[in-house]
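Q: Please take me closely through one part of this model, beginning with a helix at the start of the chain and following the contacts outwards from there. I would like a connected account that I can read beside the sequence and the coordinates.

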Amino acid sequence: MTINHKTDDRQCFLDILRVAATCAVVLLHTVTGIMDTVDMTPYPLEKKVFLIALDWITWCVPVFLLISGYLFLHPGRRITFLQMLTKYCKRILLALFLFGIPYACLEQIMAEGTFRPTMAGEAVLLVLQGRSWSHMWYLYLILFLYLITPALKLLLKKIPDSALYVILGVLFAGSSILPFVKKLFSLDELFTLPDGGIYLFYYLCGYLFAKYPGKESKREGAGKGASRKTRELVFWGAVFACVLLAAGMAASRIVWDDTVQMAYNYPFTVLLSLLLMWIFREREGKEKEKHRACWQSAGALCFGVYLIHPVFVNLYYKFLGLTPLNFPKEALVFGWIPRIFLSLPLFFLAVLVPAFLGAFVLRKIPVLRKYVL
């Protein structure tokens with residue numbers, strides 16, 4: 001999740017991507033929340049649907065990292081370590097403690113069935129150890145990336161693009177391709193880089209998207225028209241590639257089930273994330289002016305949505321004991337569509353809508369809006 005900040009020439013595609021990725025995160029946790037709390041053995045069809053859905057939406061976190069890299073590593077943006085520390089890192093730390101401590105307390109209450117006065121102090125320790133609610137892990141990651149951003153910007157100024165491509169190739173191969181091969185063929189002895197390397201890969205790729213914005217050719221006449229037509233063909237080719245990737249992921253899940261479940265470093269997810277970033281960037285400037293303001297307002301709520309949406313997931317699944325699997329097993333939509341294709345979207349909306357409303361209310365609190373959201 002990227003922190004909102006003002007720019008002189010705000011690009012709408014970043015807000016659109018941010019909103020889309022936030023919705024995907026909510027669906028992601030709606031699905032994983034079920035799989036973490038329910039034995040899926042009696043639900044083979046639903047499990048297959050969930051695994052395919054996870055493959056299709058795990059681009060959300062990579063896209064957040066691509067956006068962050070685009071904004072903070074942008075060659076035209078000057079940013080110091082002190083500025084990163086006192087502005088952006090401070091926001092992350094405040095979010096971690098303001099939201100992480102209550103969440104850690106709730107987790108203890110759910111585990112013990114009661115409240116103890118000492119839980120607050122224990123919750124602080126849990127946050128320091130990175131053991132609050134699971135979705136908070138991303139804040140620790142982005143905090144680390146923010147801290148190394150000034151050093152990365154200095155490095156990117158010194159090295160040629162060819163060296164950066166080599167670094168990205170090593171990160172992609174070592175953190176994505178080789179782990180995939182290792183899982184697929186059970187090659188336990190195969191050396192791979194730590195999974196965390198893929199997050200640095202996405203962050204650095206965001207820099208390349210910023211450095212090479214893909215502007216229209218300045219040539220006049222037929223040359224310019226030909227260039228525009230070519231770019232349009234390439235754009236729709238990228239869209240078609242996304243569709244093929246989605247189909248390939250679904251087919252592979254039917255064949256392999258959960259054998260190669262890899263989340264953010266799944267090679268298909270890497271390619272899909274990069275394609276989506278490129279596709280949305282290519283559409284920049286094609287939105288109507290009145291829509292740009294709406295996307296900007298929605299984008300401003302996304303960090304709040306990310307922080308609070310698990311409250312509703314836990315409310316339904318853990319406190320109320322309600323999940324999409326509670327629908328009668330024999331229930332069909334229109335007489336033939338399995339129930340999960342109705343119940344899952346309903347639960348997704350039951351989390352998404354109150355999360356956006358809650359984020360809207362939180363941003364009305366001046367101190368939260370100024371220092372956290």
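A: A helix here is a DSSP run of H or I at least four residues long, and the helices are numbered from the N terminus. The model is a predicted one, and its chain comes to 13 helices and 2 strands. Buried residues make up 47% of the 373 residues, and among contacts between residues at least 6 apart in sequence, 78% join residues at least 24 apart.

Histidine 29 is a suitable place to start, and it lies in helix H1, which covers residues 12-37. H1 has 26 residues and reaches 38 Å from its first C-alpha to its last, close to the 38 Å expected at 1.5 Å a residue. Of these 26 residues 20 are buried, so H1 is largely enclosed by the rest of the structure. Histidine 29 itself counts as buried because its relative accessibility is 16%, and the cut-off for buried is under 20%. Once its neighbours within four places in sequence are left aside, histidine 29 is in contact with His135, His309 and Val313. Another residue to look at beside it is valine 351, which is 322 residues away from histidine 29 in sequence, although their C-alpha atoms are 9.6 Å apart in space.

Helix H2, residues 44-57, can be checked in the way that H1 was. At 1.5 Å a residue its 14 residues should span 20 Å, and its end C-alpha atoms are 20 Å apart, which agrees. The buried residues of H2 are Glu46, Val49, Phe50, Leu51, Ile52, Ala53, Leu54, Asp55 and Ile57. In an α-helix there are 3.6 residues a turn, so residues three or four places apart point the same way.

Threonine 58 is found in the loop between H2 and helix H3, the latter being residues 60-72. With a relative accessible area of 6%, threonine 58 is buried. Its side chain reaches back to the backbone oxygen of aspartate 55 at 3.5 Å, and aspartate 55 is itself one of the buried residues of H2. A second link of threonine 58 is a polar contact of 3.4 Å between its side chain and that of threonine 269. Beyond its neighbours within four places in sequence, threonine 58 is in contact with Leu28, Ala263, Tyr264 and Thr269.

One of those partners, alanine 263, deserves a look at its backbone: its phi is near 60°, a positive value in a residue other than glycine. Alanine 263 is found in the loop between helix H9 (221-256) and helix H10 (267-282), and at 31% relative accessibility it counts as partly exposed. Serine 186 is another residue to set beside it, with a phi near 55°, again a positive value in a residue other than glycine. Serine 186 belongs to the loop between helix H7 (161-185) and helix H8 (197-211), and it counts as exposed because its relative accessibility is 55%, where the cut-off for exposed is over 50%.

The cysteines can be dealt with briefly. Cysteine 60 counts as buried, its relative accessibility being 0%. The structure holds 0 disulfides. Cysteine 294 is accordingly in no disulfide, and the nearest cysteine sulfur to it, that of cysteine 12, is 9.5 Å away. With a relative accessible area of 52%, cysteine 294 is exposed.

The account ends with helices H4 and H6. The axes of H4 (residues 81-112) and H6 (residues 137-158) come within 9 Å and cross at roughly 175°. An angle over 145 degrees counts as roughly antiparallel, and H4 and H6 are therefore roughly antiparallel to each other. Their contact includes Phe81, Met84, Leu85 and Tyr88 of H4, and among the residues that H6 brings to it are Leu139, Tyr140, Ile142 and Leu143.

Methionine 110 also has its place in H4. At 25% relative accessibility, methionine 110 counts as partly exposed. Not counting residues up to four places away in sequence, it touches Trp133, Asn314, Lys318 and Phe319. Of these, phenylalanine 319 is 209 residues away from methionine 110 in sequence, while the two C-alpha atoms are 8.4 Å apart in space.

Terms used. Residues are numbered from 1 along each chain as its sequence is written. This is a predicted model: local features need pLDDT of at least 70, side-chain atom pairs count only at pLDDT 80 or more; totals for chains, interfaces and linings use all residues. Side-chain values use heavy atoms; hydrogens and water are left out. The expected span of a helix is 1.5 Å times one less than its number of residues. Buried means under 20% relative accessible area, exposed over 50%, partly exposed in between (1.4 Å probe, protein chains only). A disulfide is a pair of cysteine sulfur atoms within 2.5 Å. A polar contact is a pair of N or O atoms within 3.5 Å; within protein, one must be able to donate a hydrogen and the other to accept it, and residues adjacent in sequence count only if both atoms are side-chain atoms. Contact means heavy atoms within 4.5 Å. Axes are lines fitted to C-alpha atoms, for helices over the stretch in contact, and angles run from 0 to 180 degrees between N-to-C directions. Angles under 35 degrees count as roughly parallel, over 145 as roughly antiparallel, 65 to 115 as roughly perpendicular and the rest as oblique.
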